Amino acid sequence: MSKTKHIGLTIAAIGSIPLIMTLGNSMLVPILPKMKSELHLSQFQVSLTITIFSVVAAMFIPILGYLSDRFNRKMIILPSLFIYGIGGLIAGFAAMSFPNSYFWILIGRALQGIGAAGTAPIAMALTGDLFKGSQESKVLGIVEASNGFGKVLSPIVGSLVALLIWYGVFFAFPAFCIISILLTIFFVKENVKKKAPMPFGKYIKGLLSVFKHEGRWLLTTYLAGATCLFTLFGILFYLSDILEKTHDINGVKKGLILAIPLLIMCTTSYITGSKIGNNQKLMKKLIVFGFAFMTVSYALLSFFSNLIAFISILALSSLGTGFVLPCLNSIITNAVGKERRGFVTSLYGSVRFLGVAIGPPVFGRLMEWSRIGMFMSIASLAFVVGLLALLMIHVKKEQPEGEGQKQKSNEKDATVTNLQPAGGR
């Protein structure tokens, strides 16, 4: 097999991992109304099937991130994909076999949350391990695009499977997991760690040093990622609701409409990741512009109820999100060296999951309060986060790719590179 082809298959394998994670929530969105009626659930109970997945994932992500630093990435990713698939089978068989299956569905979703914790965040760290420089930024863009593609694919797949039986989506999860497991086993060749793992105390001391010296901008990037996912899933929840209640649109047509803003975000993420390279100044500009687009879009949405106009204006926020997320991925992946990268990227994954978890319930409350108030509130949030990104994220003078490798740190295990180029570690 040629080297180019092998690299392509490696990228495909890494890209399949966040795709699996994304399916966990997005594929359920189209079937939530059917699940509610079939199982006689309240709106709160049905929303818990989304929330429990995301909350459990957020809790386990830092743990699995630490373990991936201590051992290796594949050792965490492969069992996580297996657990994810098992959770889907438990939920599916429960829905098929038991009249009161809600409790078992929640158990299955919680297991899927544990499995999801070892997917996308670890895939980001793995990308940082295997690729450097502009190639790393490009692959991270593909990872985010894969994440976005999963969001595009899931409502459509969920709607199609639901045409057969509503709980069929739970059985689709293990099928996707098998594909990702096989790709990861055969095409991801990770360097085996020859030296002993860093002692836990030294590891924690290094992480504390990271947040002591670079906490302000790092926490700002975390907030930015959480805000993007919070607004994205909140808007999807709102759009799914009005498509049925206001426009009487269901099934595959509904899934296709939900996919439109996600497809725009996915395409933008891929293009952004392939163009930013090591240009940190450009990354910061795109983050700020992205939040500006989101602010304008959300503010304008409060004045439009026509579906075509609504989707057209919502596309502007999807464009902004597509600018922001690949840049955040590149910045955070290179915030620390390889020995702590798994934890830092996993913590970022945790806050993203929390954003997903609180999106539907918060938007549900806001929808009951005021439609205009809802959109103006999230527009204000996007504006504040964009302003924080402008003020808190500082870039250093751009270096030629690979030049950072010549620099030696004074404290090898604790030094943080403040938005250093990818070649710096």
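**The largest cavity and its lining**

Trainee: Which helix gives the most to the lining of the largest cavity?
Mentor: In this predicted model, local features need pLDDT of at least 70 and side-chain atom pairs 80 or more, while totals for linings, chains and interfaces use all residues. Residues are numbered from 1 along each chain, and side-chain values use heavy atoms, without hydrogens and water. At least two lining residues each come from α1 (3-26), α6 (120-130), α7 (133-164), α9 (200-245) and α13 (338-369) (helices are DSSP runs, H or I, of at least four residues). The most, five residues, come from α13.

Trainee: How much space lies in the largest cavity?
Mentor: The whole structure holds four cavities of 30 Å³ or more (a cavity is a set of points on a 1 Å grid where a 1.4 Å probe fits but cannot get out). The space in the largest cavity, filled by probe spheres set on the points, is about 210 Å³.

Trainee: Which residues of the lining lie nearest the centre of the largest cavity?
Mentor: The lining has 20 residues (each with an atom within 4 Å of a point). They divide into 11 nonpolar, six polar and three charged. Nearest the centre lie M21, N147, L229, R352 and F353.

Trainee: Is M376 buried, partly exposed or exposed?
Mentor: M376 is found in helix α14. Its relative accessible area is 31%, and buried means under 20%, exposed over 50% and partly exposed in between, with a 1.4 Å probe and protein chains only. The value for M376 therefore makes this residue partly exposed.

Key: On a 1 Å grid over the protein atoms alone, a cavity is a set of points where a 1.4 Å probe fits but cannot get out, and a pocket is an open set with protein on both sides within 12 Å along at least five of seven lines; lining residues have an atom within 4 Å of a point. Ala, Val, Leu, Ile, Met, Phe, Trp, Tyr, Cys and Pro count as nonpolar, Asp, Glu, Lys and Arg as charged, and the others, Gly among them, as polar.
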